Each structure stands twice: as C-alpha cells, then as structure tokens.
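Reader: I have a structure open and don't know where to begin. Can you walk me through it?
Author: Yes, here it is.

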Amino acid sequence: MNFASDNWAGVHPKIAENLTLHSSGFVAAYGASDLDKSVEKSFADIFECEVSVYFVATGTAANALSIASFNRPGGITFCHQSAHVAEDECGAVEYLTGGSRLSLVPGANGKMDVAALEKAIAKNPAAFVHGGQPMGITLTQVTEAGTIHSLDELRAVSAIAKANNLPLHMDGARFANALVSLGCTPAEMTWKSGIDILSFGGTKNGCWCAEAIVVFDKALDAQMPFLRKRAAQLFSKSRFIAAQFEAYFAEDLWLNNARHANAMATGLGNALAGSGLARLYGTPQANEVFAILNNNHIERLRGAGALFYDWHAPHDGSVRDEETMIRLVTSFATQQSEITNLIAALKTKSI
C-alpha cells in the first residue's frame with residue numbers, strides 16, 4: 001500500500017529492457033549518438049515544432065537551468081507561493097542563476113491569481129535598480145495542490161508574461177498526467193498556450209532517471225549548453241537517458257502510464273469518500289489524492305503498512321484539531337489491490 005509518491009515507484013519493464021538493449025557497444029558520447037538525435041526528433045514530433053532538447057538527471061536541475069536561461073542581474077522570477085521551486089528545491093534556482101530570487105504569488109488551488117501576479121510584477125519595475133528587475137514567470141503543471149491549469153488558465157498567465165516581455169516556464173514534473181487529464185496535445189499545453197521553455201518529467205511516470213529541458217523560444221537557447229555543462233548535467237553516456245525516452249514514447253507508453261496513474265487516483269478518491277471515514281479535499285485531477293482523516297484512522301492505516309505523507313493543512317478551517325490532511329499519490333505501478341487493502345484497513349475496527 002505505497003501511496004507515498006510516484007518517485008517511489010520503480011522503472012517500467014519496457015524502459016528497463018531498452019536500457020539493457022543499449023547497454024553494450026560503443027556510441028558517441030555527450031549527446032552525439034544516433035539514439036540521442038533520434039529521441040530529440042521524437043520530441044519535435046510530439047510537440048509539432050522544432051525544439052531544442054537538453055537531457056538532465058533531475059527535475060530540480062531542469063527547473064533551475066530553465067530559469068537560468070532567462071537570468072538577468074538582480075532578476076526576479078514570479079511563481080506560486082507553494083511552487084516546488086520555492087519550497088522543495090533548496091535554493092537551486094537562486095544558486096544556479098547566481099543570485100536571482102523568487103517572488104511568491106498567492107492564489108487558490110496551487111495556481112497564481114492573475115491579478116496578484118500583475119500586481120507583483122508592477123511592484124518591481126525594471127527601472128527601479130534597488131528592487132531588481134522582473135526576468136520571468138514559472139508555473140507548475142500539475143500543481144503542488146494536485147490541480148491542473150486549464151488551457152485558458154495557461155493562456156491567461158501567458159498574456160501577462162507577453163505584456164511584460166517575460167519568458168514563461170512550465171515545471172512539468174507530472175506533464176503526462178496533466179496532458180491526459182486535459183485531453184489535449186502537447187503542443188496545445190505548451191507553446192500554443194504561450195509556454196517558452198518546459199521542464200519535461202519522465203522519472204515520476206515510469207522512467208529510471210530521465211528529465212529534459214525543452215526549449216520552444218530560440219532566444220532562450222544560446223547559453224543552455226554552457227549552463228547545463230557548468231551545472232554538471234551534461235552526461236557523457238547520455239544514451240542511457242535517451243534510451244529511457246525512446247521506450248517511454250514508444251507505443252504511447254508515457255500516456256498509458258499516466259492514464260493508469262490518474263485512473264487509480266480517481267478510484268482511490270472515490271473509495272475513500274465512499275468509506276464514510278474520510279473527506280476529500282478537492283476532486284482528484286491527476287494522480288494525487290488529498291484526504292482529511294481522523295488521526296486515529298491515520299494511525300490505523302500506518303499500522304497496517306500504508307505509506308503516505310501528512311500534508312499542509314489549508315487555512316480554511318476544514319481540518320479539525322483531531323484530524324490531519326494526507327496526500328496519497330498513485331503511479332503507473334499502483335494496483336487495484338492496494339486500494340482495496342487500504343480501504344479494508346481503514347474500516348478494520350481496533351481490538
């Protein structure tokens with residue numbers, strides 16, 4: 001009953017098989033192999049446009065280097081107040097940009113309020129040297145609240161970015177989960193909605209260790225090879241990241257994995273709500289379920305071997321003193337039996 005994180009799941013067998021397939025022999029290093037170039041072409045096909053692709057090891061590296069690509073002296077990047085780049089990346093953005101900073105923007109459901117975003121940008125005019133200068137905007141898809149930006153919401157943020165001549169970055173650690181939930185194309189969820197640069201995640205969705213920076217705006221591309229190298233993210237044997245992505249894209253494995261994870265989250269949410277012993281905090285939109293349970297019930301689940309994290313209680317009074325909100329994450333590897341066993345454990349009376 002492992003609902004701790006999709007990061008905890010292993011590698012999909014087809015991806016493991018492809019790694020083994022490409023593990024022997026000699027090929028050009030540092031991204032110059034035929035396999036690397038073939039996978040880069042796959043990215044272009046998927047996004048329906050010419051893109052530059054930079055393989056990296058982690059989502060943190062992808063996010064920080066993406067933001068570094070539009071760095072300015074005294075630069076400020078605007079993000080949601082609970083964004084992963086702000087709360088869970090140990091100052092990587094500030095470090096790899098050489099001292100830029102993040103401006104935290106409030107908003108419900110993990111999304112920046114557009115009026116608050118406009119106000120935050122206006123408070124930092126580029127001409128005011130003491131305050132620093134706006135340099136970009138980053139948003140998360142899926143958000144840290146488990147919600148998904150609609151295409152209209154993406155375009156609303158993009159309109160603000162364009163009006164202020166600011167690049168727009170998307171943290172897509174759970175890109176595939178958002179994509180299949182929206183039922184749109186990768187192009188529609190990115191450059192057609194005004195995204196200039198993307199952190200494309202594969203690790204949470206069945207890969208072993210595969211993330212990519214996908215650049216749509218060529219103006220952000222010139223320094224990226226040097227930024228990646230300086231950050232120790234240029235792999236000599238990059239074919240092993242390429243091999244993961246090759247299998248990931250083959251026969252829509254990446255989409256099927258995400259559909260399964262999302263379906264498991266929907267089923268889990270329905271089962272928890274139907275138990276009469278838990279309240280959902282929002283309807284699951286991707287592969288994360290947020291639920292409010294009595295602390296005794298949480299202790300019972302953990303005693304039965306269930307793994308999940310306590311989560312930040314919202315400030316709306318929905319969580320009582322004797323309760324805790326928890327986050328449960330499903331993945332490509334989640335089985336229906338785990339959900340069944342979790343609900344059975346929840347309903348088991350203590351002796």
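Author: One open sheet has 4 strands in the order S8-S9-S11-S10, with antiparallel pairing. Strands pair if DSSP finds at least two bridges between them. Helices (H or I, at least four residues) and strands (E, at least two) are DSSP runs, numbered from the N terminus.

Reader: Before we go on, what kind of model is this?
Author: This is a predicted model, where local features need pLDDT of at least 70 and side-chain atom pairs count only at pLDDT 80 or more, while totals for chains, interfaces and linings use all residues. Residues are numbered from 1 along each chain as its sequence is written, and side-chain values use heavy atoms, with hydrogens and water left out.

Reader: ok. Which strands are at the edges of that sheet?
Author: Strand S8 (278-280) and strand S10 (309-310), each of which pairs on one side only.

Reader: And how many bridges join S9 to S11?
Author: 7 bridges join S9 (residues 288-294) to S11 (residues 323-329), and the two strands run antiparallel. For instance, alanine 291 has isoleucine 326 in S11 as its bridge partner.

Reader: Which helix packs on the sheet?
Author: Helix H13 (residues 295-303), which touches S9, S10 and S11. Contact means heavy atoms within 4.5 Å. The direction of H13 makes about 120° with that of S9. Axes are lines fitted to C-alpha atoms, for helices over the stretch in contact, and angles run from 0 to 180 degrees between N-to-C directions.

Reader: Changing topic: what is the strand order in the sheet of 7 strands?
Author: That open sheet runs S1-S7-S6-S5-S4-S2-S3, with mixed pairing. Its edge strands are S1 (52-56) and S3 (101-105). Neighbouring strands are turned by 25° against each other on average, direction ignored.

Reader: Is S5 mostly covered or not?
Author: Mostly covered: 5 of its 5 residues are buried. Buried means under 20% relative accessible area, exposed over 50%, partly exposed in between (1.4 Å probe, protein chains only). Leu168, Met170 and Gly172 point one way from S5, and His169 and Asp171 point the other way.

Reader: What joins S5 to S4?
Author: 4 bridges, with S4 (residues 133-140) and S5 running parallel. Leucine 168 in S5 is the bridge partner of isoleucine 137. The chain goes from S4 through helix H7 (residues 151-163) to S5 in a right-handed β-α-β crossover. Right-handed means that, with the strands pointing away from the viewer, the path from the first strand over the helix to the second runs clockwise.

Reader: And S6?
Author: S5 (residues 168-172) and S6 (residues 197-201) run parallel too, joined by 4 bridges. Histidine 169 stands opposite isoleucine 197 in S6, and methionine 170 stands opposite leucine 198.

Reader: Now helices. At what angle do H8 and H12 pack?
Author: H8 (residues 175-182) and H12 (residues 253-275) pack at about 75°, with their axes 8 Å apart. That makes H8 roughly perpendicular to H12 (65 to 115 degrees counts as roughly perpendicular).

Reader: Which residues of H8 are buried?
Author: Phe175, Ala176, Asn177, Ala178 and Leu179. The buried residues of H8 pack against several elements, among them S5, S6 and H12.

Reader: What follows H8?
Author: Glycine 183, whose phi is positive, near 70°.

Definitions and conventions. Angles under 35 degrees count as roughly parallel, over 145 as roughly antiparallel, 65 to 115 as roughly perpendicular and the rest as oblique.
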